[in-house]
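Q: Could you teach me how to read a few features of a protein model, one at a time?

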Amino acid sequence: MELRLRLPDEVHGRLRAVAEEDGNSLNTEIVIAIEEHLARRQTSAVRGIARKVAQRDAELLRRLSQ
């Protein structure tokens, strides 16, 4: 897929610097950044679900641990 992306100059400069430091193309660095962001969001969502389950089933989990 092709996507046109407008970035503030500062963000573009930071991305380019990181890409050069890592030996990656700018495109690869953007893909990596997006993948890492999505992974963090997914992890955060899973933690939120786990907290809700733990709260809802606190008594059951307490009894199972005995």
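Q: How much space lies in the largest pocket?
A: A pocket is an open set of points, on a 1 Å grid over the protein atoms alone, with protein on both sides within 12 Å along at least five of seven lines. Here the largest pocket holds about 240 Å³, a volume being the space filled by probe spheres set on the points. This is a predicted model, where local features need pLDDT of at least 70, side-chain atom pairs count only at pLDDT 80 or more, and totals for chains, interfaces and linings use all residues. Residues are numbered from 1 along each chain as its sequence is written, and side-chain values use heavy atoms, with hydrogens and water left out.

Q: Which residues line the largest pocket?
A: Lining residues have an atom within 4 Å of a point. They are M1, E2, L3, L5, N27, I30, V31 and I34.

Q: Which residues of α2 are buried?
A: Buried means under 20% relative accessible area (1.4 Å probe, protein chains only). In α2 these are E29, I30 and G48, and α1 (9-22) is included in what covers them. I30 also helps line the largest pocket.

Q: Why does the span of α1 agree with what is expected?
A: The expected span of a helix (a DSSP run of H or I, at least four residues) is 1.5 Å times one less than its number of residues. The 14 residues of α1 should therefore span 20 Å, and its end C-alpha atoms are 20 Å apart. After α1 comes G23, with a positive phi near 75°.

Key: 1 Å grid on protein atoms, 1.4 Å probe; cavity = no way out; pocket = protein on both sides within 12 Å on 5 of 7 lines; lining within 4 Å. Buried < 20%, exposed > 50% of the residue type's maximum accessible area, 1.4 Å probe, protein only. Helix = DSSP H or I, 4+ residues; strand = E, 2+ residues; numbered from the N terminus. Contact = heavy atoms within 4.5 Å.
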